[in-house]
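Work through the following exercises with the sequence and the model side by side. Each task is followed by a solution that goes step by step.

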Amino acid sequence: MSASFTKSTARNIFYGGAVFFFLLFLALTVDSVQTLPKRDNRANLTEQVARGKKLWEVNNCIGCHTLLGEGAYFAPELGNVYQRRGPEFIKAWIKAQPTGAPGRRQMPNFHLNDAELDDLVAFLKYASEIDTNQWPPNIEG
């Protein structure tokens with residue numbers, strides 16, 4: 001080891017690196033705080049969407065599905081299901097479960113009424129309109 005690398009040099013490298021990465025952390029935090037409000041979908045948040053989110057939580061949909069990358073990977077990603085399939089398909093699919101197809105995973109029937117289905121579809125529409133920076137990378141999720 002070189003004699004020119006002293007405790008003082010090591011201390012300066014440590015403190016310099018700590019300050020650099022702290023400032024980098026602050027800059028990235030400020031950038032995130034400024035960018036996120038431009039990308040969220042809060043302008044379209046309605047009472048119906050809130051009821052749909054409540055149904056999503058009460059029925060533990062995230063226990064099987066992912067939504068915007070969060071959740072389980074047992075069933076399909078639903079962040080863009082509204083764009084992929086449309087509202088009527090979503091309602092019909094939920095009503096038709098379980099399909100009884102052999103060898104396929106089956107979604108339980110939650111016995112949702114038409115108003116609850118409309119609320120859940122409104123929530124999925126809301127989620128599909130969030131600017132996720134082109135994620136998922138393809139329409140099939």
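## Exercise 1: Unusual backbone geometry

His111 lies in the loop between H4 and H5, where helices (H or I, at least four residues) and strands (E, at least two) are DSSP runs numbered from the N terminus. This is a predicted model, in which local features need pLDDT of at least 70, side-chain atom pairs count only at pLDDT 80 or more, and totals for chains, interfaces and linings use all residues. Residues are numbered from 1 along each chain as its sequence is written, and side-chain values use heavy atoms, with hydrogens and water left out.

Task: examine the backbone at His111, at Asn133 and at the peptide bond from Gln97 to Pro98.

Solution. Begin with the background: most residues other than glycine have a negative phi, and most peptide bonds are trans. His111, although not a glycine, has a positive phi of about 55°, and its relative accessibility of 68% counts as exposed (buried means under 20% relative accessible area, exposed over 50%, partly exposed in between, with a 1.4 Å probe and protein chains only). Asn133, found in the segment after H5, also has a positive phi, near 60°, and is exposed with a relative accessible area of 51%. Finally, the peptide bond from Gln97 to Pro98 is cis, with omega near -10°, and Pro98 lies in the loop between H4 and H5.

## Exercise 2: Overall form

Task: describe the fold pattern of the protein and set its radius of gyration against that of a compact globule.

Solution. First, count the elements: the protein has five helices and two strands, which follow one another along the sequence as α-α-β-β-α-α-α. Next, take the radius of gyration, which is calculated over C-alpha atoms, the globule rule being 2.2 Å times the number of residues to the power 0.38. The protein has 23 Å, whereas a compact globule of 141 residues would have a value near 14 Å. The C-alpha trace spans about 75 × 40 × 25 Å along its principal axes. As a local illustration, Val19 is found in helix H1 (residues 7–39), and its C-alpha atom is separated by 47 Å from that of Gln48, 29 residues along the chain. Buried residues make up 26% of the 141 residues. Even so, among contacts (heavy atoms within 4.5 Å) between residues at least 6 apart in sequence, 56% join residues at least 24 apart.

## Exercise 3: Aromatic rings and charges

Task: how many aromatic pairs does a search of the whole structure find, and how are the rings of Phe20 and Phe21 arranged?

Solution. Start from the criterion: rings of Phe, Tyr and Trp (its six-membered ring) pair if their centres lie within 6.5 Å, and planes under 30 degrees apart count as stacked, over 60 as edge-to-face and the rest as tilted. The search finds four such pairs. In one of them, the centres of Phe20 and Phe21 are 4.9 Å apart and the planes are at 80°, so this pair is edge-to-face. Phe20 is partly exposed at 48% relative accessible area, while Phe21 counts as exposed at 53%. Trp56 and Phe123 form a tilted pair, 5.8 Å from centre to centre with 50° between the planes. This second example links distant parts of the chain, since Trp56 belongs to helix H2 (residues 47–58) and Phe123 to helix H5 (residues 114–128), 67 residues apart.

Then turn to charges over rings, where NZ of Lys or CZ of Arg must be within 6 Å of the ring centre and within 35 degrees of the ring normal. The charged end of Arg85 sits over the ring of Phe89, 5.8 Å from its centre, and that of Arg105 sits over the ring of Phe74 at 4.7 Å.

## Exercise 4: The nonpolar core

Task: which residues of the largest nonpolar core touch the most other members, and which element gives the largest share?

Solution. A nonpolar core is a set of buried Ala, Val, Leu, Ile, Met, Phe, Trp, Tyr and Cys residues joined through side-chain atoms within 4.5 Å. Of the 19 residues in the largest one, Trp56, Ile94, Phe123 and Leu124 touch the most other members. The elements that give two or more residues to this core are H2, helix H4 (87–95) and H5, and the largest share, eight residues, comes from H5. Trp56 is buried at 5% relative accessible area, and Phe123 is buried with 5%. Not counting residues up to four places away in sequence, Trp56 touches Cys61, Ile62, His65, Leu67, Leu78, Leu120, Phe123 and Leu124.
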